Amino acid sequence: MKALDGIKILDFTHVQSGPTCTQLLAWFGADVIKVERPGEGDATRKQLIDVPGADSLYFTMLNHNKRSITIDTKNKRGKEILERLVKTCDVLVENFAPGALDRMGFSWERIQELNPRMIMASVKGFGPGKYEDCKVYENVAQCAGGSASTTGFRDGPPLVTGAQIGDSGTGLHLALGIVTALYQRERSGRGQRVLAPMQDGVLNLCRVKLRDQQRLEKGPLKEYSQFGEGIPFGEATPRAGNDSGGGQPGRILKCKGWETDPNAYTYFITQAAVWEKVCDVIGEPEWKTKPGYAKPVERLDKLNEIFARIEQWTMTKTKFEVMDICNPLDIPVGPILSLKEIAADEGLRATGTIVEVDHPERGPYLSVGCPIKMSDSPVEVKRSPLLGEHTDEILTEVLGYSKEEAAELRTVGATEIVKRQAAE
Ligand code: COA
């Protein structure tokens, strides 16, 4: 038994944001039916190819545990199949460009007519307003949601982050909206529309930066390095380099081997509660009582000096030795782990967060499994579907077409029309 057993998802998503959402729902037990364009499928199947002829890692790592049906939804017969899917499924998830679903003939009003219990969930780049018609990708959302202007160093340009907060982050937001709407439907009997705009999702993750914007109006942000360096603040929340985003000062510091290893670094937090232990570890016991150093507020204008001293110490240790020494003392530190190290991490493999999956076209590959662990809803990561792999079984078992009808639809009908036209 899994949490979402019995829930059918019409997965009309592509690229990253939508697929992340439906992959999570599939891991929680929903039957996720991915509708793809005949002959092409999700564009990511053929993007960033590493094994010629095989679905890319981009696609396979975002579409586990789903079934794939190919339908030309602009064709009359294809629309009929889609209508049946809408009537049969609990949730429709889509992240097309604004207006695409309406142009296909599946407006929210039409979907409600077909199935009043349907939850229709969408990712769009922007919410209602002047940018609502824009097509949006990850980095645009990072820039429009406040992340880029607050990431990077003060004297450099805005930076995008490696974490896909616009796409995967919004997929997470949407998944929460969907399960919440499913819960409400239990009592109301009605479906509803769920919208997760990427700009809003990124901003939600940048909440602390809007906090700082308002604090800035009352005075300088004393925990930012820039304060200790005597550099005046401008009008907007600045980029804070590797300063900690909270009230406990922190920095990324070099460790032994940094000259040759780009990831020989540790994050180090001088949490007030363990200041005395920090002083002992780095060999500055007098800082425990010295005026100007003993109290957190007195240290704020000396953070560069303090972290330079701590770095002298971390540079004598590997990032893992820093962890081994500091952890027992409750000093919060974290090694900068490369993806190579993470891929080999036995702990992450043991919990299923890093999984090895086999695939008929590409052989075994590594993926990120479900990052949310539920004690009563175990996750088994299954490979992504080949394009149209489940067309027949969905037509017959889910939608009730006879075997003959399904064969007709597959060979001369709606599911293959685009291929045929291309061939002609
Ligand atoms: N059969 C026939 N046509 C299909 C189809 C199918 N099974 N599935 C999709 N299509 C058509 C749609 O009807 C639409 O056609 P139209 O523009 O003629 O109406 C088209 O394919 C979908 O186009 P679109 O969504 O515009 O794709 P794109 O590659 O041009 O744009 C994005 C990609 C991501 C920029 C855009 O989808 C978008 O902005 N999405 C919302 C924000 C988002 O999720 N961004 C992050 C993606 S990771």
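The legends below describe an overall view and several close-ups of a predicted model. Residues are numbered from 1 along each chain as its sequence is written, and side-chain values use heavy atoms, with hydrogens and water left out. Local features need pLDDT of at least 70 and side-chain atom pairs count only at pLDDT 80 or more, while totals for chains, interfaces and linings use all residues.

**Figure 1. Overall view of the protein, with 19 helices and 11 strands.** Helices (H or I, at least four residues) and strands (E, at least two) are DSSP runs, numbered from the N terminus. Taken along the principal axes, the C-alpha atoms fill a box of roughly 85 × 45 × 45 Å. Of the 424 residues, 46% are buried. Buried means under 20% relative accessible area, exposed over 50%, and partly exposed in between (1.4 Å probe, protein chains only).

**Figure 2. The ligand and the residues around it.** The shell holds 22 residues, of which Ile71, Lys74, Ala97, Lys135 and Val136 come nearest; a residue is near a molecule if one of its heavy atoms lies within 4 Å of it. By class, the shell has nine nonpolar, six polar and seven charged residues. Ala, Val, Leu, Ile, Met, Phe, Trp, Tyr, Cys and Pro count as nonpolar, Asp, Glu, Lys and Arg as charged, and the others, Gly among them, as polar. The ligand takes up the space of the second largest pocket. A pocket is an open set of points, on a 1 Å grid over the protein atoms alone, where a 1.4 Å probe fits, with protein on both sides within 12 Å along at least five of seven lines. A molecule sits in a pocket if more than half of its atoms lie within 2 Å of its grid points.

**Figure 3. Polar contacts of the ligand with histidine 14, isoleucine 71 and lysine 74.** A polar contact is a pair of N or O atoms within 3.5 Å; within protein, one must be able to donate a hydrogen and the other to accept it, and residues adjacent in sequence count only if both atoms are side-chain atoms. An N or O atom in the side chain of histidine 14 is 3.0 Å from an oxygen atom of the ligand. Isoleucine 71 places a backbone N or O atom 2.8 Å from a ligand nitrogen atom. For lysine 74, a polar side-chain atom is 2.8 Å from an oxygen atom of the ligand. On its own the ligand has 940 Å² of accessible area, and the protein covers 84% of this (Shrake-Rupley method, 1.4 Å probe).

**Figure 4. Valine 15 and leucine 48, two loop residues with positive phi.** Most residues other than glycine have a negative phi. Valine 15, with phi near 60 degrees, is in the loop between β1 (8-12) and α1 (17-27). Valine 15 is buried because its relative accessible area is 15%. Leucine 48, with phi near 55 degrees, is in the loop between β2 (31-36) and α2. The relative accessible area of leucine 48 is 68%, so this residue is exposed.

**Figure 5. Asparagine 115 in the loop between α5 (108-114) and β5 (119-124).** A polar atom of the asparagine 115 side chain lies 2.9 Å from the backbone oxygen of valine 86. Asparagine 115 has 9% relative accessibility and therefore counts as buried.

**Figure 6. Glutamate 217 in the loop between α9 (207-216) and α10 (225-228).** Glutamate 217 counts as exposed because its relative accessibility is 63%. Alanine 236 is 19 residues from glutamate 217 in sequence, and their C-alpha atoms are 9.0 Å apart.

Key. On a 1 Å grid over the protein atoms alone, a cavity is a set of points where a 1.4 Å probe fits but cannot get out, and a pocket is an open set with protein on both sides within 12 Å along at least five of seven lines; lining residues have an atom within 4 Å of a point.
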